[in-house]
Amino acid sequence: AALRTKDLEEWGNGKILQHVRDDKNAKDIKEIHVLNWNGALSPVVHQFDRHKELQKWWFKWKRKDFEKEWTEFKTALSTK
């Protein structure tokens with residue numbers, strides 16, 4: 001973040017983030033794709049939590065799934 005001089009959306013081709021809207025509610029963003037400089041889908045997103053929009057989306061849509069999977073994982077480990 002210290003080296004960031006502008007928002008992520010302003011870097012590269014100007015299309016670093018691609019929003020996929022929910023079919024049922026067009027206001028909701030179902031997925032956010034992070035693209036490489038050449039427009040290809042990035043296989044890994046490092047430090048997404050430092051980007052305000054990605055962080056907000058993750059906590060709204062993915063946090064509960066992550067917590068559920070983490071709890072199941074810990075339970076499975078403790079029963080071995």
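This report covers the nonpolar core, helix H2 and the surroundings of Ser 42 in a predicted model.

## Nonpolar core

The largest nonpolar core is made up of eight residues. Four of them are isoleucine or leucine residues written here by position: Ile 16, Leu 17, Ile 29 and Ile 32. The others are Val 34, Leu 54, Trp 57 and Trp 58. Strand E2 (29–34) and helix H1 (52–61) are the elements that each supply two or more residues to this core.

## Salt bridges in helix H2

Side chains of opposite charge can pair when their charged atoms come close. The structure contains two salt bridges. One of them joins the side chains of Arg 63 and Glu 67, with an N to O distance of 3.4 Å. Because Arg 63 and Glu 67 are four residues apart in helix H2, about one helical turn separates them. Arg 63 has a relative accessible area of 32% and is therefore partly exposed. Glu 67, at 39%, is also partly exposed.

A salt bridge also links the side chains of Lys 68 and Glu 72, at 4.0 Å from N to O. This pair likewise sits in helix H2 with a spacing of four residues, about one turn of the helix. Lys 68 has a relative accessibility of 54%, so this residue counts as exposed, the cut-off being over 50%. Glu 72 has a relative accessibility of 46% and so counts as partly exposed.

## Nonpolar surface patch

A nonpolar patch on the surface is formed by Phe 66, Trp 70, Phe 73 and Leu 77. Together these residues have about 430 Å² of accessible area.

Trp 70, one of the patch residues, belongs to helix H2, which spans residues 63–78. With 43% relative accessibility, Trp 70 counts as partly exposed. Residues enter a patch only with over 30% relative accessible area, so the 43% of Trp 70 meets that condition.

## Surroundings of Ser 42

Ser 42 lies in the loop between E2 and H1. Its relative accessibility is 15%, so Ser 42 counts as buried, the limit being under 20%.

The side chains of Ser 42 and Asn 36 are joined by a polar contact of 3.4 Å. When neighbours within four places in sequence are set aside, Ser 42 is in contact with Val 34, Leu 35 and Asn 36. Among these contacts, Val 34 is a member of the largest nonpolar core.

Notes: Residues numbered from 1 in each chain as written. Predicted model: local features only at pLDDT ≥ 70, side-chain atom pairs only at ≥ 80, totals over all residues. Heavy atoms only, no water. Patch = residues over 30% accessible without salt bridge, like charges linked within 9 Å, V, L, I, M, F, W, Y side chains within 5 Å. Areas by Shrake-Rupley, 256 points an atom, 1.4 Å probe, with all protein chains shown as cover. Buried < 20%, exposed > 50% of the residue type's maximum accessible area, 1.4 Å probe, protein only. Core = buried A, V, L, I, M, F, W, Y, C linked by side-chain atoms within 4.5 Å. Polar contact = N/O pair within 3.5 Å; in protein donor to acceptor, adjacent residues only side chain to side chain. Contact = heavy atoms within 4.5 Å.
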